[in-house]
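Biologist: Hi! Could you walk me through this model while I have it open?
Modeller: Happy to, let's put it on the screen.

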Amino acid sequence: YLSAPQFPNRAYLAAIGASGVWPGIKIPDGRRIMLNLDTVAILSAQDLLRPYFNPGPAVLDAGGNAKAHLNLSAFPRLGVPCWIAWVVFDRAAPSGIAYLPDPYVIRI
């Protein structure tokens, strides 16, 4: 579940990466998106990893919530960490990014 109640009805982007969070992606206002831009992250940001990673509707609902899905039932347990990062967009915010939470780490 993605939740940013202070940003209802705003667009967001979610991605999953496999190569860590540092140095991440530096954005012009000095903040960092804490996800390394590897092949997995690029494919997931382009919504090309379905049915394994579904980033959700790309717009938060009226309560500022959305639901993303990760389905790894076809894969064996590997114990490999992956990170999920997401951002909420707003043209009025610095660099167009209103909300930049810490990434989630999971083991697949």
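Modeller: One thing to keep in mind is that this is a predicted model. Where would you like to start?

Biologist: Pockets, please. Which residues lie nearest the centre of the second largest pocket?
Modeller: Those are L13, A15, I25, I33 and A45, out of a lining of 14 residues. The space in this second largest pocket comes to about 180 Å³.

Biologist: And what classes of residue line the second largest pocket?
Modeller: Its lining has 14 nonpolar residues, no polar and no charged ones.

Biologist: Which elements supply at least two residues of that lining?
Modeller: β2 (12-17), α1 (39-45) and β8 (81-89) each do. The largest share, four residues, comes from β8.

Biologist: What about the largest pocket, how much space lies in there?
Modeller: About 350 Å³. Its lining has 15 residues, and L70, L72, F75, C82 and I108 lie nearest the centre. By class, that lining divides into 13 nonpolar, no polar and two charged residues.

Biologist: You mentioned F75. I'm fond of aromatics, so how many aromatic pairs are there?
Modeller: The count is four. In one of them, the rings of Y52 and F75 have centres 5.1 Å apart and planes at 65°, and that angle is over 60°, so the pair is edge-to-face.

Biologist: Where do Y52 and F75 sit along the chain?
Modeller: Y52 is in the loop between α1 and β5 (53-54), and F75 is in the loop between β7 (69-70) and β8. The two are 23 residues apart, so this pair links distant parts of the chain.

Biologist: Is F75 buried or exposed, or something in between?
Modeller: In between: F75 counts as partly exposed, because its relative accessibility is 42%. Y52 is partly exposed too, with a relative accessible area of 37%.

Biologist: OK, and what is the geometry of the W86 and Y99 pair?
Modeller: W86 and Y99 are edge-to-face, with 5.7 Å from centre to centre and 80° between the planes. W86 lies in strand β8 and Y99 in strand β9 (residues 97-99), so the pair ties together parts that are 13 residues apart in sequence.

Biologist: How accessible is W86?
Modeller: W86 has 2% relative accessibility, so it counts as buried. Its partner Y99 counts as partly exposed at 23%.

Biologist: Which residues form a cluster with those two rings?
Modeller: F7 and Y12 join W86 and Y99 in one aromatic cluster.

Biologist: Let's switch to the inside. Which residues have the most contacts in the largest nonpolar core?
Modeller: Y12, L60, W86 and V88, in a core of 14 residues. β2 and β8 are the elements that give two or more residues to this core, and β8 gives the most, with four.

Biologist: What is V88 in contact with, leaving aside its neighbours within four places in sequence?
Modeller: The list includes A4, F7, R10, A11, Y12 and L60, along with G96, I97, A98 and Y99. There is also a second, separate core of five residues, with A15, L35, A41 and A85 among them.

Biologist: Back to the helix. Is S44 buried or exposed?
Modeller: S44 is buried, as its relative accessible area is 2%. This serine lies in helix α1, and beyond its neighbours within four places in sequence, S44 is in contact with A14, A15, I16, L49 and F53.

Biologist: Now the backbone oddities. Which peptide bonds are cis?
Modeller: The bond from W22 to P23 is cis, with omega near 10°, and P23 lies in the loop between β2 and β3 (25-26). The bond from R50 to P51 is cis as well, with omega near 10°. P51 is in the loop between α1 and β5.

Biologist: Why would I look twice at those?
Modeller: Because most peptide bonds are trans, and most residues other than glycine have a negative phi.

Biologist: Then what is the phi of N9?
Modeller: N9 has a positive phi of about 60°, although it is not a glycine. N9 sits in the loop between β1 (2-3) and β2, and it is exposed, with a relative accessible area of 53%.

Biologist: And what about S95, what is its phi?
Modeller: Near 60°, again a positive value in a residue other than glycine. S95 lies in the loop between β8 and β9 and is partly exposed, at 40% relative accessible area.

Key
Residues are numbered from 1 along each chain as its sequence is written. This is a predicted model: local features need pLDDT of at least 70, side-chain atom pairs count only at pLDDT 80 or more; totals for chains, interfaces and linings use all residues. Side-chain values use heavy atoms; hydrogens and water are left out. On a 1 Å grid over the protein atoms alone, a cavity is a set of points where a 1.4 Å probe fits but cannot get out, and a pocket is an open set with protein on both sides within 12 Å along at least five of seven lines; lining residues have an atom within 4 Å of a point. Grid points are joined across faces, edges and corners, and a volume is the space filled by probe spheres set on the points. Ala, Val, Leu, Ile, Met, Phe, Trp, Tyr, Cys and Pro count as nonpolar, Asp, Glu, Lys and Arg as charged, and the others, Gly among them, as polar. Rings of Phe, Tyr and Trp (its six-membered ring) pair if their centres lie within 6.5 Å; planes under 30 degrees apart count as stacked, over 60 as edge-to-face and the rest as tilted. Buried means under 20% relative accessible area, exposed over 50%, partly exposed in between (1.4 Å probe, protein chains only). A nonpolar core is a set of buried Ala, Val, Leu, Ile, Met, Phe, Trp, Tyr and Cys residues joined through side-chain atoms within 4.5 Å. Contact means heavy atoms within 4.5 Å.
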